[in-house]
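Biologist: I am new to this structure and would like to learn how its features are read, one after another. Could we go through them slowly?

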Amino acid sequence: MARITDVARRAGVSPSTVSYALSGKRPISAETRRRVEAAVRELGYRPHTGGPTGVLGLLLPLRAGLRPPPGLGCAMAVVTAARGHGRDVLLITGEDGEQALRRVADALIVMDVRLRDPRLPSLRDRPSVLIGVPAEPAGLTCVDLDFRAAAERCVARLAELGHRVVALVGAPPEEYARHGAAAHRVLRGFTAAADRAGLLSSVHPSGCPTGPDAALETAGRLLRLNPAPTAVVVHNEPLLVPLLDALARLGRRVPEELSVVAICADDVALTPRTPVTSVTIPSAELGARAVELAVRALAGTAAPGVTLLPPRLTDRATTAPPA
């Protein structure tokens, strides 16, 4: 079955121009319209005929035990920003919801992105924005926190404080196995920064499901290391508070005996009794930018590309020089 990208290639125009030529939403020159219509006939392309719906589709798969990065706060930001543009949002939480959304949504916003995401081929032929960056983003519009730089910033701050043995408490093993983009970029940034600084480092995927038992197991594993880390980077939002509680139960004082820095939303970092030093995941900004890019794509004014938001680290009460 011919796709809109095939028509665009045959006619020598962009997919958005094909859409406008067929829908009449924007003025198109007679010559361009003729080329598009000829390509449609030659390829047998059958466009969606339902017309604009005013709906943005949000693909956010929810899987048991895994919290979708960068969290549900980002989904709420998408909804809020979309209302500012006079649009509704249809949320689909199943892994296979894309085909249904293609029939009812003007554009798609895609979360929970993998490095080699099976949804990518069909996303290149329609207006779509990814909150996340796959391994090969050519032809796609993506926005995300620079997770590799975020991990590097965490390690650099710990090295500045004098820590020489550090550990990463990362995403659940399932998230690495499915090649979650954010999880893998944090892992690479952490190990690269630790190697550059000459630090002894270790990585500990942890928690699926998360909770006190998983946190206690992870904390015990960290403290049994030889040498034991004097600082920990946490990239696992649901595990952060239980992990701090588990460290306290095991008699390890934060930050006097163990510094903790997290990559998480600010509200998560501020939840514990001791506010956590963190690189924030800017959910509101990510959601707003994704909607803006989706609306621009529908208007034919956005070009594919990757926007990475720089990490912002806030020192709080869980980091200090090693004892």
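Modeller: What follows is a conversation that takes each feature as a general idea and then as a case.

Modeller: This is a predicted model, in which local features need pLDDT of at least 70 and side-chain atom pairs count only at pLDDT 80 or more, while totals for chains, interfaces and linings use all residues. Residues are numbered from 1 along each chain as its sequence is written, and side-chain values use heavy atoms, with hydrogens and water left out.

Biologist: How many helices and strands does the protein have?

Modeller: Helices (H or I, at least four residues) and strands (E, at least two) are DSSP runs, numbered from the N terminus. In this protein there are 13 helices and 12 strands.

Biologist: What percentage of the residues count as buried?

Modeller: Buried means under 20% relative accessible area, exposed means over 50%, and partly exposed lies in between, using a 1.4 Å probe and protein chains only. Of the 323 residues of the protein, 50% count as buried. Contacts, meaning heavy atoms within 4.5 Å, give another overall view: among those in the protein with a separation of 6 or more, 71% come from residues 24 or more positions apart.

Biologist: How is the length of a single helix read, for instance that of α7?

Modeller: The expected span of a helix is 1.5 Å times one less than its number of residues. Helix α7 (residues 147-161) has 15 residues, and its reach of 22 Å from first C-alpha to last is close to the 21 Å expected. Its buried residues include Phe-147, Cys-154, Val-155 and Leu-161, and the helix is followed by Gly-162, whose phi is positive, near 105°.

Biologist: Cys-154 is a cysteine, so how many disulfides does the count come to?

Modeller: A disulfide is a pair of cysteine sulfur atoms within 2.5 Å, and by this rule the count comes to zero. Cys-154 is in no disulfide, the nearest cysteine sulfur being that of Cys-264, 9.2 Å away. Cys-154 has a relative accessible area of 0% and is therefore buried, and Cys-74 is likewise buried at a relative accessible area of 0%.

Biologist: How should I read the packing of two helices, such as α7 and α9?

Modeller: Two packed helices are described by the angle between their axes and the distance between the axes. Axes are lines fitted to C-alpha atoms, for helices over the stretch in contact, and angles run from 0 to 180 degrees between N-to-C directions. Here α7 and α9 pack at an angle of about 35°, with their axes 7 Å apart. The contact involves residues including Phe-147, Ala-151 and Val-155 of α7, and Val-186, Gly-189 and Phe-190 of α9.

Biologist: Which hand does the crossing of α7 and α9 have?

Modeller: A crossing is left-handed if the near helix is turned anticlockwise from the far one by less than a right angle, and right-handed if clockwise. By that convention α7 passes α9 in a right-handed crossing.

Biologist: How do α10 and α11 cross?

Modeller: The axes of α10 and α11 come within 8 Å and cross at roughly 55°. That makes α10 oblique to α11, because angles under 35 degrees count as roughly parallel, over 145 as roughly antiparallel, 65 to 115 as roughly perpendicular and the rest as oblique. The crossing of α10 and α11 is right-handed, and among the residues making the contact are Leu-216 and Leu-223 of α10 with Leu-239 and Leu-243 of α11.

Biologist: Where does the peptide bond into Pro-227 lie, and is that bond cis or trans?

Modeller: The bond from Asn-226 to Pro-227 is cis, with omega near 5°, and Pro-227 is found in the loop between α10 (212-224) and β8 (231-234). The bond from Val-254 to Pro-255 is also cis, with omega near 5°, and Pro-255 lies in the loop between α11 (237-249) and β9 (259-264).

Biologist: What is the phi of Asp-112, and is this residue buried or exposed?

Modeller: Asp-112 has a positive phi of about 55° although it is not a glycine. Asp-112 sits in the loop between β3 (107-110) and α6 (120-123), and it counts as buried because its relative accessibility is 1%. His-179, in the loop between α8 (173-177) and α9 (181-197), has a positive phi near 60° and counts as partly exposed at 43% relative accessibility.
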